[in-house]
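Got your viewer open? Load the model shown here and follow along, one selection at a time.

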Amino acid sequence: MNKREFLKNAATLSTITLLPSGAMAFSKSKKKRLRTAHIGVGNMGGEDLKAISSHAAVDVVALCDVDSELLAKAKALHPDAKTYTDYRVMLKEMKKKIDAVVVSTPDHTHAPASMMAMEMDKPVYCQKPLTHHVTEARAMKKLAKEKNLVTQMGIQVHSFYDYKLATLMIQSGIIGKVHTVRAWSPKNWGYDGPLPEGQDPVPANLDWNLWLGTSSERPYKKGVYHPGNWRKLVDYGCGTLGDMGVHIFDTPYNALELDVPRTITTNCRKPNGFGYPEQNMVTYEFPGTKYTADTLKWVWYDGEGADKQREDLMLPGGEKLHDQGAMFIGEKGRLYLPHFQMLPKVIVDGEYQEIDVEKFNLGEPVRDYESEGKKHYHQFVDACLGTAETSAPFSYASRLTETILLGVIAGRFPNKTLHWDAKSARFAEEEANQFLDSPYREF
């Protein structure tokens, strides 16, 4: 599938339809077991494999990874599964033996792998951010809708007690209409250094051509790309905003029922064409919703100093701000949501307020990350089997991802406000439109 074929589905998509977070068609299958194929089984892919396969109705039938050592570890846990290095070969050979596909690769391969699986009518669980480019997010949303597929983005906190509680609290009007959201993470998925020089021998366990996939050809350099640093680099990841931003944005975005922003401004260093900036402040302006003021201001901070105690982030009694989190600022007060596994807190006139959380009917909070994390995965499996629906389908995930990616693009134009037209899917600033997608390399 070349880039032209991939993007033709997106070309006619002129609007973003707002759907509830839980809006996703049920699988029409009456199967009682789900045969899964996993693309990317190292690091987060290994966690995805573990969580999906922990469902009693799942049979793992195929595993794929470009790193033979990671693949061997996954195979040891699932000895009956067939193994592959190239996901294209796996999907073609196993088409009739696979019921659903899990994509856990670096960001630049999310869309190519997911689109191929969906073209084969396979439900897809794809890690966050949904895609590497805006055009891909829209294309994946469109295809999932056309084929009526069960989909889920890998944003496990979406199903956690604390975040669902915060959503209900905001929508109850507990702090009134929200006019500002501030969100932050001190993580540094940026690289301010020079382009690496020279090249190193490709390790015997790594298929470098397949790791690069549709991205531009580049010489291998030890310790720069695989296994852990690709998030820092513009050709493969989406920086801290695309990593932690998706998690921390999710609850405010969902709770306030936001669409994509109208304007985006990023304060950061000048682009170097290779790595993302190590510190960013991204300011979005959103159209208002029934839960917000006429417009909503959203400010994201990452890198060193992101958790600085700014005036409207000050906590009662001089309490230290959690290193990652979000603050909703409304007409009646503030709601503080640390990330993660910490209950949201309401602040009015500089003091925490006692809140009766039982009235929100969520039961007792769960304090076990592993069991809570499995909920999101098992929800996908159950939806594929026709007994549930997903809460982060591509209809929702594509809008959230588009919002994130617009902030990433704005980082290429420091301190310049970009104006986004959701209907045409174009910036008013023509020079920014070149970054909505990129050519796919034949590999």
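**Stop one: helix H7**

Select Tyr161, Asp162, Tyr163, Leu165, Ala166, Thr167, Met169 and Ile170: these are the buried residues of H7 (buried means under 20% relative accessible area with a 1.4 Å probe, protein chains only; helices are DSSP runs of H or I with at least four residues, strands E runs of at least two, numbered from the N terminus). This is a predicted model, where local features need pLDDT of at least 70, side-chain atom pairs count only at pLDDT 80 or more, and totals for chains, interfaces and linings use all residues. Residues are numbered from 1 along each chain as its sequence is written, and side-chain values use heavy atoms, leaving out hydrogens and water.

Now show all of H7, residues 161-171: eight of its eleven residues are buried, so the helix is largely enclosed by the rest of the structure. Just after H7, click Gly173, which has a positive phi of about 85°.

**Stop two: H2 and H10**

Select H2 (residues 44-53) with H10: their axes come within 9 Å and cross at roughly 75° (axes are lines fitted to C-alpha atoms, for helices over the stretch in contact, with angles from 0 to 180 degrees between N-to-C directions). That makes H2 roughly perpendicular to H10 (65 to 115 degrees). To see the contact (heavy atoms within 4.5 Å), show residues including Met44 and Glu47 of H2 and Tyr377 and Phe380 of H10.

**Last stop: H9**

Finally, colour H9 (239-255), one of the elements that the buried residues of H7 pack against.

Methods. Buried < 20%, exposed > 50% of the residue type's maximum accessible area, 1.4 Å probe, protein only. Parallel < 35°, antiparallel > 145°, perpendicular 65-115°, else oblique.
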